[in-house]
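Work through the exercises below with the model open beside the text. Try each task before reading its solution.

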Amino acid sequence: MNEQLEALLSQIIHPETGQNILDSGFVERAELGAEGDIAVTLRFQKARDPFAQKIKKQVEATIEAAFPEARCMVIIREAAPKPRRREQESSTTNICRIIAVASGKGGVGKSTVTANLAVALRQRGYNVGILDADIYGPSQTKMFGVEGFIPEAERDEAGNEYIIPAQSLGIKLMSIGFFIRPTDALMWRGGMAVNALHQLIHQTKWGALDYLLIDLPPGTGDIHLSLINELKLSGAVIVSTPQGVAVTDVVRGVEMFRHEQVNVPVLGVVENMAWFTPEELPNNRYYIFGQGGAKRYAEEAGIDLLGQVPIIQSIMEGSEQGRPAAGIDSRVEEFYSDIAEKVVEKLPTEC
Ligand code: ADP
């Protein structure tokens, strides 16, 4: 192996082993090609190493800084999963209720609703966690201002490994966004995404939670079915905007949860961006995306309308600034407090 490359790679520490990646045996190959190309192959000892992507990024950045002219390619290989001696106990055992927040398509405000609902539940005194499983656009880290958080792993006396979640506003947060770059998601095969999410669900040190909200990817594909089947979901909240196309997607989402092999209670629909009221005309409502489509659909499908949330500037700003608006704007707090109340009422009080 090229000495300079060796020196560079020995600066990168694997957070779990505490050793550099060379000494940990993770560097299978590191070569300087004839044309100045640099190829590095990292082989991790366990399948689905949660730090693989982070280390790949570090290797790329370190090599690019030292060889700005070179083209650097880092490949990750994983060891075949070893049969485990015993199944690690899932860290979800002390979670009382798990709620999926879903939407038929992206951009309707699913993540915004998840974040604000979590804040509203926390304001009622519950212990709340969020798992951001939206591999196509993980945004909870930004909404809670913990974008740079690097999860650490911890091992208990029995040898079980746990990942420590971020905490913000009293809410525990684990996100697939801590481990992947947005551009990676497009390359993820369904199985890979499901495996990574499986690990985040069962190995995050959630502790005792009253509610865990799962921000699902938009749509109704294989990833959804695998996730839903693997979690004992207490219920699902569906988010939609009022217009026809969005509502058609809701129908598909509801059918997925109601499918006999899935059978998860749909707690109701949140109609987001239901209208807009300018500050200077507080009595006017402008139905920018149509009026009440999701509300009507909910009535027809026999599903409850959990709430209608208008377009409010502070909602968008709160998400950008890392503090969901339900915690800072009393108008938004009111809308979400009602939604939280309905959600709480719909689930059994006992765990
Ligand atoms: P999704 O998770 O469905 O893709 P997001 O929650 O990311 O959608 O929301 C998309 C955009 O719309 C974000 O910029 C968000 O801040 C904004 N947004 C969502 N709901 C509202 C609302 N009620 N009022 C104002 N902006 C909103």
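A residue is called buried when its relative accessible area is under 20%, exposed when it is over 50%, and partly exposed in between, using a 1.4 Å probe and protein chains only. The model is a predicted one, in which local features need pLDDT of at least 70 and side-chain atom pairs count only at pLDDT 80 or more, while totals for chains, interfaces and linings use all residues. Residues are numbered from 1 along each chain as its sequence is written, and side-chain values use heavy atoms, with hydrogens and water left out.

**Exercise 1. Salt bridges**

Task: Find which residues E320 and D304 pair with in salt bridges, and classify the exposure of each partner.

Solution.

Step 1. Apply the rule: a salt bridge is a side-chain nitrogen of Lys or Arg within 4 Å of a carboxyl oxygen of Asp or Glu. The count by this rule is 14 salt bridges.

Step 2. Take E320. Its side chain meets that of K142 in a salt bridge, at 3.4 Å from N to O. This pair links distant parts of the chain, since E320 is in helix 10 (residues 313-321) and K142 in helix 4 (residues 140-143), 178 residues apart. Helices here are DSSP runs of H or I with at least four residues, strands are runs of E with at least two, and both are numbered from the N terminus.

Step 3. Classify the pair. E320 has a relative accessible area of 49%, so E320 is partly exposed. K142, at 32%, is partly exposed.

Step 4. Take D304. The side chains of D304 and K346 meet in a salt bridge of 2.4 Å, N to O. D304 lies in the loop between helix 9 (293-301) and strand 13 (305-311), and K346 lies in helix 11 (residues 330-346), 42 residues apart.

Step 5. Classify this pair too. D304 is partly exposed because its relative accessible area is 41%, and K346 is partly exposed at 34%.

Step 6. Add two further cases. R29 forms a salt bridge with E31, where the closest N and O atoms are 3.4 Å apart. K110, D134 and D215 are linked in a network of salt bridges.

**Exercise 2. Two residues in helices**

Task: Decide whether T112 is buried or exposed, and do the same for Q203.

Solution.

Step 1. Locate T112. It lies in helix 3 (residues 110-123).

Step 2. Compare with the cut-off. T112 has a relative accessible area of 14%, so it is buried.

Step 3. List the contacts, where contact means heavy atoms within 4.5 Å. Not counting residues up to four places away in sequence, T112 touches M143, I315, S319 and Y336.

Step 4. Repeat for Q203, which is in helix 6 (residues 190-203). Its relative accessibility is 13%, so Q203 counts as buried. Leaving aside neighbours within four places in sequence, Q203 is in contact with Q88, S91, E161, Y162 and I163.

**Exercise 3. Phi angles**

Task: State what phi N263 has and where N263 is found, then treat M273 likewise.

Solution.

Step 1. Recall the background: most residues other than glycine have a negative phi.

Step 2. Check N263. Its phi is positive, about 55°, although N263 is not a glycine. N263 is found in the loop between helix 8 (244-258) and strand 12 (266-276), and N263 is exposed because its relative accessible area is 57%.

Step 3. Check M273. Its phi is also a positive value, near 55°. M273 is found in strand 12 and, at 22% relative accessibility, counts as partly exposed.

**Exercise 4. The two domains**

Task: Describe how domain 1 and domain 2 meet.

Solution.

Step 1. Set the bounds. Domain 1 covers 3-77 and domain 2 covers 95-346; such bounds come from an automatic or database domain assignment.

Step 2. Count the contacts. Eleven residues of domain 1 are in contact with 14 residues of domain 2.

Step 3. Give the buried area, which is the accessible area (1.4 Å probe) that two parts lose on being put together, summed over both. Domain 1 and domain 2 bury about 1,100 Å² between them, 50% of it on carbon and sulfur atoms. R48, P50 and Q53 supply 43% of the area that domain 1 buries against domain 2, more than any other three residues.

Step 4. Look for salt bridges. The count between domain 1 and domain 2 is zero.
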